[in-house]
Amino acid sequence: MGTVKVGLIQFFSITLLFELGTALVVNLGMAAGRDAWLSILIGSAGGIGVFAGYAYLYRKYPELPFTAYTRKVLGKYIGTPVALIYVILYINLAARDLRDGSTMLAMATMHNTPLFILSMLMILSSAYVLHKGFEVLTRTSLVFLLLVLLIGLFSTLMLMFSGSINLNRLLPMLEDGVEPVIRSVLHQNYMFPFGEMIAFTMLMPFLSNVKKGPWVIAGAMLVSALMLSFTMALNISVLGDDIVERSPLPLMPTISKISISDFIQRVDIFVVMVLIIGVFFKISVFFAAALIGISDLFGIPYRKMLYPCTLIILFTSMLDARSFTEHLDEGGRLLYTVYPFLMIAIPAVLILVSVLKSYFSAPRPG
Amino acid sequence: MNNKRLGLSLLITMQMLLPLVLTGCWDSVELNRRAIVSGVGIDRGPSDDQKYILSFQVIIAEEISGEQTRSSSPVALYSGSGRTMFEALANASRQTARFLSLGHVRVVVISEEFAREGIKDMLDVLERESDMRLTSLVFISKDQPASEVMSTMTVFSKIPANDLVEKLDTTSKQFGYNYKMEVDDVIRGIQVRGGGPVINGVFRTGGRERGDSNDNLKTITPDTILRISRLAVFKDDKLKGWLEGKTAFGTVLLLNKLKEFPVVIKKDNGYLAFNVYQSQVSVDAEAKDPEHPVIIIKITQQAALKESPNSLDLTSPEVLEKLSEQLTMEARSQIREAIAAARKLESDYIGFGEAVKRENPHGWKKVKDHWEDIFAACEIKIDADTVIRHTDMRGNSFQVY
């Protein structure tokens with residue numbers, strides 16, 4: 001590890017794209033109804049709190065990925081199985097995102113293209129970039145971030161000009177009190193998309209600046225939270241909370257409402273572009289995390305495991321569920337059963353053990 | 001030697017991999033294999049087996065702009081029936097030589113008969129289908145089957161559906177009370193508790209005989225004209241009645257969708273005409289006690305004098321002040337009439353319940369089940385103000401000496 005170093009700007013952009021990823025196009029936080037934007041903001045605060053824990057571990061072992069310091073802290077016999085679980089987690093998350101992306105694409109535009117073909121093309125492009133290396137991925141993200149931001153700016157302005165925004169649809173705020181918002185935060189929003197930052201514990205050793213690095217990543221998380229929250233508020237103020245709640249991809253109908261004197265219209269292909277870009281970076285980051293984990297655990301060179309891993313992700317994503325509904329249902333349940341254990345509990349144990357270790361092994365005076 | 005082998009194997013691999021890129025075109029349908037649907041008419045069939053009769057107005061691209069025009073109709077109407085909308089679509093597309101593509105549907109016309117029965121079920125496919133856009137405009141065809149509206153040749157646009165869109169645009173910008181009502185507006189309207197959507201009415205005037213052929217356009221006075229007029233008001237998803245004239249103006253004023261409209265008032269023994277070109281309306285509620293809410297309606301209007309045959313001194317601010325007071329009275333009476341009409345139809349399509357909900361969400365929960373009773377009796381305060389900005393290009397009007 002640590003031969004390649006990646007600059008702060010690149011890390012900022014890949015974090016931002018990773019967080020926006022699929023979350024930008026799905027109906028995020030709609031368990032809170034029209035206060036979804038609020039639950040995203042609260043969720044991001046929780047997510048940044050969790051990330052502070054990861055940052056603590058990183059500062060302690062700046063040269064090591066998560067799988068390496070797990071073994072260091074917990075010892076070889078407990079640490080290795082735990083690290084292995086994380087490799088499986090990353091592969092699974094990559095596969096889930098691949099399924100998300102390919103199914104949404106099939107629903108939105110490509111009705112007759114087999115899912116397998118869509119998935120294969122997507123994962124092959126990820127594999128190609130990772131074959132070039134993690135650094136290339138981060139530099140690619142810079143280009144695409146610009147594109148996503150431009151699309152976002154354009155769409156927001158056009159929605160304003162076409163007069164589809166009605167802020168009354170966001171009212172009344174907190175109709176049923178704070179309870180639904182908190183429930184939505186606990187069930188979803190601090191984990192998705194913010195808890196998925198666990199993948200960055202594998203990538204942070206590439207950071208060129210140990211001191212500023214975690215701050216930059218936290219900053220990117222905050223920016224992404226603001227953008228996600230703004231997008232959800234936009235969706236609701238254009239479509240109303242009921243339609244948003246019932247659409248799997250609410251950004252699509254929102255953008256399709258853009259119509260400026262019958263000249264600028266049907267720009268919803270932008271949403272498909274944002275979807276593809278987001279899914280690509282999400283898969284790639286998880287994929288990279290899994291590869292780094294494998295090469296660290298088993299000492300196999302990173303590139304050698306690339307294609308086998310591609311196949312595993314591709315088939316996991318295909319076998320994951322029969323229908324998209326089943327896939328989403330599964331994902332929803334994972335969010336508050338399995339993921340908190342892996343993304344909060346185990347890192348917390350690691351922090352605790354490493355603090356205790358350093359306390360007891362500290363050289364005592366006298 | 002080794003290099004040559006490597007090159008060869010690379011070439012073969014590339015040849016095997018490159019066709020993968022072609023899978024991106026799996027869903028492609030070439031433009032000349034598509035039949036673009038510009039409008040859909042939905043009629044109630046006679047039986048449950050033929051519940052939906054869909055008429056698709058399909059653009060014949062060669063007739064719109066092509067060198068080999070056959071000077072025949074620029075659009076064709078295909079219809080199909082079925083138990084569901086989708087089945088009807090499938091049945092209709094069996095008659096067409098090309099794939100019906102729904103991405104450019106601009107107009108959806110629902111027959112009055114069907115609207116009285118309820119429109120909820122048919123809207124599901126309109127919002128679910130990913131090819132359809134939410135920006136399609138919805139109309140109710142008054143007294144006539146929707147298929148007749150869809151099959152009327154129009155003067156200003158070769159494609160009748162486009163003509164309808166342009167007519168609505170024109171009437172909503174000037175003189176008319178009709179405004180753009182799109183699919184998602186209708187869905188949200190249906191979901192308003194105690195209320196319903198307001199949808200534009202459309203109908204055909206004149207004889208039917210020549211309306212669907214080019215002959216309709218050969219005379220100076222077309223036999224048949226499509227008119228957008230009246231508003232269909234709903235309770236939940238069922239059509240309750242039609243509004244027109246002053247009531248319709250008042251209703252659209254309350255919904256804050258009115259851009260520019262004429263107002264005529266009587267002064268002494270003549271009539272004066274004004275053009276109200278700016279009106280801002282807000283509907284709020286004072287709902288500490290949700291059982292007895294007070295609805296507060298604020299209107300500010302700007303008007304310009306357009307016609308005055310009287311000998312009034314229009315250069316005097318006092319006179320204009322009096323006239324603007326009269327305009328304010330007119331606005332009040334428009335709104336009162338609109339509210340009276342809504343109460344008579346027992347449907348809160350003007351959004352008073354929404355105002356109470358915004359103001360007092362907890363109280364709203366308690367009263368929403370019997371909102372109809374409260375709506376029929378609640379107190380209303382109208383706070384109106386009108387300014388006459390100018391008298392156009394003359395001061396006083398000329399007189400005979």
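**Close-ups of a two-chain predicted model**

**View 1. The annotated C-terminal stretch of chain B.** Take residues 230–391 of chain B: the C-alpha atoms at the two ends of this span sit 30 Å apart, and the span is 38% helix and 38% strand. As for what to call it, an unreviewed UniProt entry puts the feature "domain: Spore germination GerAC-like C-terminal" at residues 230–391 of chain B. Bear in mind here, and in every view that follows, that this is a predicted model.

**View 2. The second largest pocket, seen from its centre.** This pocket has a volume of about 1,800 Å³. Its lining takes in 46 residues, and the ones closest to the centre are A:A108, A:H111, B:E129, B:S130 and B:D131. Chain A gives two or more residues to the lining from each of α4 (76–108), α10 (241–246), α11 (251–256) and α12 (269–298). On the chain B side, β1 (34–44), α4 (85–93), β4 (99–101) and α6 (120–128) do likewise. Which element gives the most to the lining of the second largest pocket? That would be α6(B), with five residues. Sorted by class, the lining has 23 nonpolar, 11 polar and 12 charged residues.

**View 3. Helix α13 of chain A and two of its neighbours.** Look for α13(A) at residues 306–319; its axis and that of α12(A) come within 11 Å and cross at roughly 130°. An angle like that makes α12(A) oblique to α13(A), and the crossing is right-handed. Now turn to α4(A), whose axis comes within 8 Å of the α13(A) axis, with a crossing angle of roughly 55°. So α4(A) and α13(A) are oblique to each other as well, and their crossing is right-handed too. Both α4(A) and α12(A) also turn up in the pocket lining of View 2.

**View 4. Helices α6 and α9 of chain A, side by side.** Here α6(A), residues 134–161, packs with α9(A), residues 213–239, at an angle of about 30°. Their axes are 12 Å apart. Are the two oblique or roughly parallel? Angles under 35 degrees count as roughly parallel, so α6(A) is roughly parallel to α9(A). The crossing of this pair is left-handed.

**View 5. A cis peptide bond in a chain A loop.** Zoom in on A:L171 and A:P172, which are joined by a cis peptide bond with omega at about -10°. Where does A:P172 sit? You'll find A:P172 in the loop between α6 and α7 (179–189) of chain A.

**View 6. A positive phi in a chain B loop.** The residue to pick out is B:D143, which isn't a glycine but still has a positive phi, near 60°. B:D143 belongs to the loop between β6 (137–141) and α7 (146–150) of chain B.

Conventions: Residues numbered from 1 in each chain as written. Chains lettered and ligands numbered in written order. Predicted model: local features only at pLDDT ≥ 70, side-chain atom pairs only at ≥ 80, totals over all residues. Heavy atoms only, no water. 1 Å grid on protein atoms, 1.4 Å probe; cavity = no way out; pocket = protein on both sides within 12 Å on 5 of 7 lines; lining within 4 Å. Points joined across faces, edges and corners; volume = space filled by probe spheres on them. Helix = DSSP H or I, 4+ residues; strand = E, 2+ residues; numbered from the N terminus. Nonpolar A, V, L, I, M, F, W, Y, C, P; charged D, E, K, R; others polar. UniProt positions renumbered as here; feature names shortened; annotations may be inferred. Axes fitted to C-alpha atoms, helices over the stretch in contact; angles between N-to-C directions. Parallel < 35°, antiparallel > 145°, perpendicular 65-115°, else oblique. Left-handed = near helix turned anticlockwise from the far one by under 90°.
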